[in-house]
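Student: I should like a close look at the salt bridges of this structure. Please take me through them one at a time and place each in its surroundings.

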Amino acid sequence: MKIANSDSLDFLLGQVIRLHRARVHKLFGKLGLYRGQPPILFILWEEDGRTQKEIADRLHLKPATITDGLKRMEKVGLIERRPDPEDRRVTRVYLTDKGRELQAQVEEKLRVLNEEAFRGFTQNEKVLLRRFLLQIKDNLLQAIGEDGSC
């Protein structure tokens, strides 16, 4: 099997991921958001005032990984970090008014993305695709170990 066989499922999956990432970048870039920031916003829209560790845990990332995203978001006024009122050693992340106001726009961009990506699919085909992708994810998690190490 050729490594870069353009007919292979692996190659096609890579292309889909690349194109999806490019479209996300373009749609969210119009809102001044970088990749990785919308998931943080969704977590805070669900429950404001989480710690960086709680956010990282929900995203299955290390806290240090989201530090740059939080710094950028703070710099443009989407979030603010404040000490926990009960434990000053803990810092909590809160949405600003500007961060709260983005929710409808972000949700609209995601609606557009999903509409574009799944145009022509029936509901049954989307359910089947989801099942296939979950199976691929489970297979790969088993192959590398549940903790994500190779």
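Tutor: What follows is a description of selected salt bridges, and then of the parts of the chain around them. The model is a predicted one. A search of the whole structure finds 14 salt bridges, and three of the pairs are taken up here in turn.

The pair formed by Arg-50 and Glu-47 comes first in this account. Their side chains meet in a salt bridge with an N to O distance of 3.3 Å. The partners differ in their surroundings: Arg-50 has a relative accessible area of 10% and is buried, whereas Glu-47, with a relative accessible area of 45%, is partly exposed. The cut-off for buried is under 20% relative accessible area. This pair also belongs to a network of salt bridges, in which Glu-46, Glu-47, Arg-50 and Arg-58 are linked.

The next pair is Glu-54 with Arg-92, whose closest N and O atoms are 3.6 Å apart. Glu-54 belongs to helix α3 (residues 52-59) and Arg-92 to strand β3 (residues 91-95), so this salt bridge ties together parts that are 38 residues apart in sequence. Glu-54 is partly exposed, at a relative accessible area of 32%.

Arg-92 leads on to the sheet. Three strands make up an open sheet in the order β1-β3-β2, and their pairing is antiparallel. The edges are taken by β1 (50-51) and β2 (79-83), each with a single partner strand, so one side of each has no neighbour in the sheet. In general, strands of a sheet pair through backbone hydrogen bonds, either parallel or antiparallel. Here β2 and β3 run antiparallel and are joined by five bridges. In β3, Arg-92 is the bridge partner of Arg-82. Arg-92 thus has a bridge partner in the sheet as well as a salt bridge to Glu-54.

The third pair lies within a single helix. The side chains of Arg-111 and Glu-115 meet in a salt bridge at 2.8 Å, N to O. Both residues lie in helix α6, and they are four residues apart, about one turn of the helix. Arg-111 is partly exposed at 41% relative accessibility, and Glu-115 is likewise partly exposed at 46%.

Helix α6 (103-117) also has a part in covering another helix. Together with α2 (37-46), α6 is among the elements that cover the buried residues of α1. Helix α1 (residues 9-29) has 21 residues and reaches 30 Å from its first C-alpha to its last, close to the 30 Å expected at 1.5 Å a residue. The buried residues in α1 include Val-24, Leu-27 and Phe-28. Seen down the axis of α1, its buried residues fall within an arc of 80 degrees, so they line one face of the helix. The face turned away from that buried side carries the exposed residues Arg-18, Leu-19, His-25 and Lys-26.

One further residue lies in the loop that follows the helix of Glu-54. His-60 is placed in the loop between α3 and α4 (63-75). His-60 has a positive phi of about 60 degrees, although it is not a glycine. At 73% relative accessibility, His-60 counts as exposed.

Finally, the wider setting is given by the domain assignment, which divides the protein chain into domain 1 (9-119) and domain 2 (122-149). The C-alpha centres of domain 1 and domain 2 lie 23 Å apart.

Notes
Residues numbered from 1 in each chain as written. Predicted model: local features only at pLDDT ≥ 70, side-chain atom pairs only at ≥ 80, totals over all residues. Heavy atoms only, no water. Helix = DSSP H or I, 4+ residues; strand = E, 2+ residues; numbered from the N terminus. Expected span 1.5 Å × (residues − 1). Buried < 20%, exposed > 50% of the residue type's maximum accessible area, 1.4 Å probe, protein only. Arc of directions from axis to C-beta. Contact = heavy atoms within 4.5 Å. Salt bridge = Lys/Arg side-chain N within 4 Å of Asp/Glu carboxyl O. Domains from an automatic or database assignment. Pairing = 2+ DSSP bridges.
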